[in-house]
Amino acid sequence: MMADPTTSPGSAPPAGLCDSCVHQQLVHTTRGSTFSLCRRSRDDPAYPRYPRLPVLACPGYEQREREQPR
Ligand code: SF4
């Protein structure tokens, strides 16, 4: 049986655009769950704190730059 490349055990479910957005903050719980928090929600009530995933379109999306090697 082939492994499903779209899933990886132990990781958060795909959050769509949020996964590459500068405003995403991953919140890990003590129960082992991971939630995708939108930091825009702190300043703008138009954005839910925990958007319904996957987010496929978002006016507030800003692509996160890749981390630079040190
Ligand atoms: S701004 Fe939009 S794409 Fe970015 S984290 Fe918030 S909901 Fe996700």
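**Reading the ligand shell, the core and the hairpin**

Colleague: How many nonpolar, polar and charged residues does the shell around the ligand have?

Modeller: In this predicted model, the shell around the ligand divides by class into nine nonpolar residues, three polar residues and one charged residue. There are 13 residues around the ligand, and those that come nearest are C18, C21, C38, C58 and G60.

Colleague: Which residues make up the largest nonpolar core?

Modeller: The largest nonpolar core has five residues, namely A15, C18, C21, C38 and V55; C18, C21 and C38 are also among the residues that come nearest to the ligand. Taking A15 as an example, and leaving out residues up to four places away in sequence, A15 touches Q24, S36, L53, P54 and V55.

Colleague: What share of the protein is buried?

Modeller: Of the 70 residues in the protein, 10% are buried. When contacts between residues at least 6 apart in sequence are considered, 43% of them join residues that are at least 24 apart.

Colleague: How many helices and how many strands are there, and in which sense do the strands pair?

Modeller: The protein has two strands and zero helices. Strand 1, residues 24–28, pairs with strand 2 in the antiparallel sense, over five bridges, and within this pairing L26 of strand 1 stands opposite S36 in strand 2. The hairpin that the two strands form has five residues between them, and in this hairpin G32 takes a positive phi near 95°.

Colleague: Where is R39 placed, and is R39 buried or exposed?

Modeller: R39 is in the segment after strand 2, which spans 34–38. The general idea is to count neighbouring C-beta atoms within 10 Å, where 20 or more means buried and 12 or fewer means exposed; because R39 has 15 others within that distance, R39 is partly exposed. Setting aside neighbours within four places in sequence, R39 is in contact with H23 and Q25. R39 and V22 are 17 residues apart in sequence, and their C-alpha atoms are 8.8 Å apart in space.

Colleague: What is the mean pLDDT, and where does pLDDT stay under 50?

Modeller: The general idea is that pLDDT gives the predictor's confidence in each residue. For this protein the mean pLDDT is 86, with 77% of the residues reaching 70 or more. Over residues 2–10, however, pLDDT stays under 50, and for these residues the model has zero contacts beyond four places in sequence.

Note on methods. Residues numbered from 1 in each chain as written. Predicted model: local features only at pLDDT ≥ 70, side-chain atom pairs only at ≥ 80, totals over all residues. Near = placed C-beta within 6 Å. Nonpolar A, V, L, I, M, F, W, Y, C, P; charged D, E, K, R; others polar. Core = buried A, V, L, I, M, F, W, Y, C linked by C-beta atoms within 7 Å. Contact = placed C-beta atoms within 7 Å. Helix = DSSP H or I, 4+ residues; strand = E, 2+ residues; numbered from the N terminus. pLDDT = per-residue confidence, 0-100. Pairing = 2+ DSSP bridges.
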